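Student: I would like to take a close look at a single part of this protein with you. Could you walk me through its disulfides?

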Amino acid sequence: MKLPTSLGVERLLPARVPFGLRVFFRGAFFLLGLATIALAVAVLQDEKERSYRNYQDGFRKNQAQIAAKLRHPTGQLVLLNPTAYDHAVTPLRPLVLPFSALDFDDRNKAQQAVEMAGCLVQYPDAASMCVAVGNNPFAGGFLYAVGSFNSGPLVSHTSGTLDLSQAHRARITVDMRGQRYRWIAPFQVMDEGRNASPFANARGRLVGFADDGPITPASRPVRDFRGWLWQDGRCVDGAAAGADCARRAFVSVRLPVELFREALFAKGPAGIVWPPADLDQIKVQVEMLAPGEGQPLFDSNAPGATAPFSWSELTPLLLPGEKLRIRKLGAAGAGTDVVALSGAEAAERSSPLIAWLIRRLQVEGYDAPVTSTDIISTPLGRYELTLTGDIRSVNKALTAVATRVSWFVGGMLLAIFLTWLAIELRIIRRITELTRRAATVSKGVRASDSLAAVDLADLRGGDELGVLAGGLQDLLQRVNEDVRREQIRVAQEKDTWHAVGHEIMSPLQSLMVLHGSADDPAHRYISRMQQAVRVLYGSASPSEAFESTALNVQTLDANEFLRHVARNAAAAGIPGVAFEPLAQPVTVRADEYSLEDVVSHVLRNAERYRLPGSLIRITLSLQAQEGTAPEAVIAISNLGPQIEAGMLGKIFEYGVSGLPDAEGGAPGQRGQGLFVAKTYMAKMGGTITAHNLENGVCLELRLQCAVGA
């Protein structure tokens, strides 16, 4: 790059480019990546603490939930029958109920008992059946069969009729210890005379006969066989009452088992053993038959049966790594494990590095063993429930989650690196080069009065930096040209003011000779004109001239001064000026000619915008604040348009003329009068401000009162 010849060298030495912003920029990206990693580690630490607390809370809740389930009759049913469903659901095998016996004669009590105990085996056709024994051997050696099924209106058996196939009936078969017991029990309705409608609620007994051959007149019902059958009058499918539809029937039967009774009365050395040890080997089949020889309405051996509550329902409650151990206490079966369950292990892939990092994160109390013990009491003994947790499962679960999330953290770090690399290559390097050349320009400006020419052609381009480089080169060229033109203009303007001042001063001196008397009204105005010309004469610009003027500040009677200005305003082309003087003199510190210029400029401005025929009012008042000298306030107001609020302070700037509704001022005005007024007031130690009235504008001039006045 060539230098001006005045420097005496051909080239500027390369300028030193600051690197602070580059260090800041690169450091910001480095800290951003570091903060991302630190945030990830902090989140892992927090999540490990949360997971540990949640695990402990969940462990306690699981233990309480499992214990509550096992204390419920449904849970006690599982405790009393730990191996009941190690085999197929059907044929049915008797379960030990958590009740001493069933009140099978009462439908509501029997139904509530089996539902609460959860012993009902469910079938696809909405039927259910529970076969069980009581937990109290002294309630008798009976088998209970309680359940429900859908059936049409029940047909009752008539006493004395040997053909049982004409009525609804139950057929029950029990296989135990190499023997088979079989009963056939027809339905006999109760209160037949009072309930003649076949669509009303029905209730009747099941009269049991030994099913070992045809029924004869000599056949007698089994004495201890007791059974009941109830049917609702409502249709299962919601059809209208009275329709021939399927209805819900509920059956409750007590079966006498002689082998049970024999075992009860034949006490061995160990006393009464109840429930029988071979209870899970007894097979029971319950069939409900409609009139005729067709298919059974219900068969407990039908496929698709669903077992009731079992140990498998406790497994989902266990968290990964947890183990549940239940053992029976007491002399009988002491130390025997009833069941041992384990929570399912998570099979998610995890990163060894993240697993190591999570193990290194410290959590208070993390190494303490997690175990809980509870006692469950049942009618047949006490059971100890021990739940053991595996705190390592917290690490495993958190590692699996963190491994999945780590891809997002890695992707974020990669995005930060690629963003830095792209900005570094595409922007920062070009900005550095642009800064180096701009610094060369600054160095050239400090070395001479003109700008150095900089070649930025290689940095031009279609993107933002290319446009900036091209714009900067064009701007430097334009600035060089403008600097040269401004120097020429300033020189020409100074010459113009010299010529104008010289040409005006000559006729003013002649006029002063013609109006030399102090009593001549023109003498005062000619003196002011000579002062104004002397202020401007030899200055580079009017604003510089006014700001550099030194005023002759003396004491002045503002009351008399304003009376004189208002009286002579008409002669100056401003008619209709009214002044309201004070009763006493008001002495202020001011330059008389300069203050008259200030008031004249304000009056001309008011004259330009007042309503036709309205007065311009001048008032004088004294204002004093505590601790300060009093001020004389000259208020000049006129009726007319108001000044916009945003322009109240700008109208005193050089080049702003008139009201803001005429951009740049009124035609022929240069925006100089109020600027001169403000400049002179400041040099006299006063101020000038403007504010809007309800229907006009008021300008206030404040001057300091003379001391002792």
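Student: Which residue forms a disulfide with Cys 119, and how far apart are their sulfur atoms?

Tutor: Happy to help! This is a predicted model, in which local features need pLDDT of at least 70 and side-chain atom pairs count only at pLDDT 80 or more, while totals for chains, interfaces and linings use all residues. Residues are numbered from 1 along each chain as its sequence is written, and side-chain values use heavy atoms, with hydrogens and water left out.

The partner of Cys 119 is Cys 130, and their sulfur atoms lie 2.0 Å apart; a disulfide here is a pair of cysteine sulfur atoms within 2.5 Å. The link connects distant parts of the chain, 11 residues apart: Cys 119 sits in the loop between helix H3 (107–117) and strand S2 (121–122), and Cys 130 in strand S3 (residues 128–133). Helices (H or I, at least four residues) and strands (E, at least two) are DSSP runs, numbered from the N terminus. The bond between Cys 119 and Cys 130 is left-handed, with -110 degrees about S-S. Cys 119 is buried at 1% relative accessibility, and Cys 130 is buried with a relative accessible area of 1%. Buried means under 20% relative accessible area, exposed over 50%, and partly exposed in between (1.4 Å probe, protein chains only).

The structure holds two disulfides, and they follow the pattern 1-2, 3-4 when bonded cysteines are counted along the chain. Cys 235 is joined to Cys 245, S to S 1.8 Å. That link is left-handed too, with -80 degrees about the S-S bond.
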